[in-house]
Amino acid sequence: MTCDEFERSRAREHLKECGHCRELQTLRELIADEPEVPAKLQGRITREIVGSLRPVSPLPSNRALLTLLLSLAAVACAAGAWWQGHAGWLELAGWQAAIVFCLLAAGMSLAATLIVRQMVPGARRSVPLALALSATCALLFTAVLLIFPYEQDSDFVLNGMHCWEIGLEYSTVAGALFFFVVRRGAWLNPLALGASTGLFAGLVGFTVLEIFCPYLDRAHIDVWHAGSALTATLTGFAIAALCSGMNRILRPAS
Amino acid sequence: MIDASSASPVRAVDGELDKLMAAYQKADVDGTVALIGAVSPLLYRFFFHQCGNAEDAADLLQDTWLRVHKVRHTYRPGEPVLPWLYAIARHTKVDGYRRKRRILSREKTMDSVPEARVPFEPIPASMPSFDALMSELPQSQREVVTLLKVTGMSLEEVARATSSSIGSVKQKAHRAYERLRRVLAPAVKDNRETRSNDV
């Protein structure tokens, strides 16, 4: 007796005893005669697909994609630190730097994992990543409120706008780099993928600002530094929505 | 519970699909035709039971294949094919539903009533039809039951296809079975009584 036959005989015995499973068996019998695919449709699909067949190389592994995205983020951060300077890094106390940069690294890792999972349809989901990422961002926001002092700044808006612009510049550079990786994905949910990519790019901008900006005022950091990350997220979402809308216009529903 | 008398057709082709997908990625015509032949009936059934409409199922099947063709490089050899495929099918169905709603919102209502769909298969008099049973379920539970019972996927495969956890799939399936049990109970009872009277 093979394993399969053994399983079947066990299932038959179970069916004799279990009323619940017999009812489900009734459901199974109801769907025994399945609808057939119309031959014409099958033929049309086959012709269309075979007519445009080209060899493709499969996506690299999740680990390779993750490494690539995080390396690009590191390159963008390093370029920002080299170009803008690292006055902020010098101002930060060791424990402040440890908390902020650990949370930023965790946020970037989660965002990159979220992006990679969205690129491949049917990927395994063990942890609700979107929730974990939101929690990390909330934690970062709260940590900034707790570990940095409040300082009176007469040029709150002017200084803030300067940081916001720099944050967005580096987010744009990082977003453009990430796009070359992300565009190979499946884009099944473009809005979510756009927002995640925007957030990842925004966190790169945030990191550059933390290295560069010497203002350690909690209001300045939460409004303008975190604000640039939020703007990048919304921009990613808006670009994806715009592309989806354009796609819809170019391929009318009828 | 899987049908005790015969193995699911999905399980039978599952091992083969991996090889056929690899052939499809290498632009092998025979492999591609075999893949389309093996997978299209599964997808068609999935859409048919989700929409209850042969025309919509045909449209969605075609759209799904176009998408699959575009993103075929995102399949990695060695990974299970069905969750990958059904994840694409599921998104195509959602997009199709949105598109349909958009079209309906622009259409004007007509005086004449369209003809009702002719049932695809003869239904035993005492039993509710499968479509009628499915219509008793909320959309999320209907999807899970269709994937588990019609396409014969495992819990993990359904979890991957629907982007959710195994626990969530189990919970939805359990709730759906409870509800179906309540709906089916009178029909099963009638059936048993009829059989015992015949004997």
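This report looks at two residues with positive phi and at the confidence of a predicted model.

Residues are numbered from 1 along each chain as its sequence is written, and chains are lettered from A, with ligands numbered from 1, in the order in which they are written. Because the model is predicted, local features need pLDDT of at least 70 and side-chain atom pairs count only at pLDDT 80 or more, while totals for chains, interfaces and linings use all residues.

**Positive phi outside glycine**

Let's start with the backbone. Helices here are DSSP runs of H or I with at least four residues, numbered from the N terminus. A residue is buried if 20 or more other C-beta atoms lie within 10 Å of its own, exposed if 12 or fewer, and partly exposed in between, with C-beta atoms placed from the backbone.

| Residue | Phi | Loop between |
|---|---|---|
| W187(A) | near 55° | α8 (156–182) and α9 (190–212) of chain A |
| A27(B) | near 65° | α1 (9–25) and α2 (29–51) of chain B |

W187(A) has 23 other C-beta atoms within 10 Å, so this residue is buried. A27(B) counts as partly exposed because it has 15 C-beta neighbours inside 10 Å.

**Confidence**

The model scores ipTM 0.75 and pTM 0.73. For pLDDT, the predictor's confidence in each residue from 0 to 100, chain B has a mean of 78, and 76% of its residues reach 70 or more. Among the elements of chain B, helix α3 (residues 54–70) has the highest mean pLDDT, 89, and α1(B) the lowest, 74.

Where does pLDDT stay under 50 in chain B? This happens over residues 1–9. For that stretch the model has 14 contacts beyond four places in sequence, a contact being two residues whose C-beta atoms, placed from the backbone, lie within 7 Å.

Notes: Helix = DSSP H or I, 4+ residues; strand = E, 2+ residues; numbered from the N terminus.
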